[in-house]
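Me: I'd like a close look at one end of this chain, with enough of the surroundings to place it. Here is the model I have open.

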Amino acid sequence: MFELFSDLWAFLKVRKKIWLMPIVVVLVLLGGIIVFAQQSALGTFIYTLF
């Protein structure tokens, strides 16, 4: 898993696409929230935010 992030960081740094990192972080966080919401009773409260 760490290798994936280090490869992604190296790619973004070499290609001068550092500005994509906040977008990637937000997408990963939203994906984590969706996965967490499906497995808990808090799902109904989280879905009301979206």
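Me: Is Met1 buried or exposed, and what is its relative accessible area?

Reply: Keep in mind as we go that this is a predicted model. Met1 is exposed: its relative accessible area is 73%, and the cut-off for calling a residue exposed is over 50%. As for where that residue sits, Met1 belongs to the segment before helix H1, which covers residues 2-14.

Met1 also has company at the surface. Together with Leu4 and Phe5, Met1 makes up a nonpolar patch, and the accessible area of the three adds up to about 380 Å². For the protein chain as a whole, the exposed area is about 4500 Å², with 76% of it supplied by carbon and sulfur atoms. Buried residues account for 8% of the 50 in the chain.

Now follow the chain into H1. The helix has 13 residues, so at 1.5 Å a residue it should span 18 Å, and the C-alpha atoms at its ends are indeed 18 Å apart. After H1 comes Lys16, placed in the loop that leads to helix H2 (21-38). Have a look at its backbone: the phi of Lys16 is positive, near 60°, though the residue is not a glycine. That's worth a glance because most residues other than glycine have a negative phi. Lys16 is exposed too, with a relative accessible area of 67%.

Zooming out, the protein chain holds three helices and zero strands, in the order α-α-α from the N terminus.

How far should you trust the picture? The mean pLDDT of the chain is 80, and 82% of the residues reach at least 70. Your end of the chain does well here, as H1 has the highest mean pLDDT of the elements, 85, while helix H3 (residues 43-47) has the lowest, 67. Where pLDDT is low, don't read the predicted coordinates in detail.

Technical notes. Residues numbered from 1 in each chain as written. Predicted model: local features only at pLDDT ≥ 70, side-chain atom pairs only at ≥ 80, totals over all residues. Heavy atoms only, no water. Patch = residues over 30% accessible without salt bridge, like charges linked within 9 Å, V, L, I, M, F, W, Y side chains within 5 Å. Areas by Shrake-Rupley, 256 points an atom, 1.4 Å probe, with all protein chains shown as cover. Salt bridge = Lys/Arg side-chain N within 4 Å of Asp/Glu carboxyl O. Helix = DSSP H or I, 4+ residues; strand = E, 2+ residues; numbered from the N terminus. Buried < 20%, exposed > 50% of the residue type's maximum accessible area, 1.4 Å probe, protein only. Expected span 1.5 Å × (residues − 1). pLDDT = per-residue confidence, 0-100.
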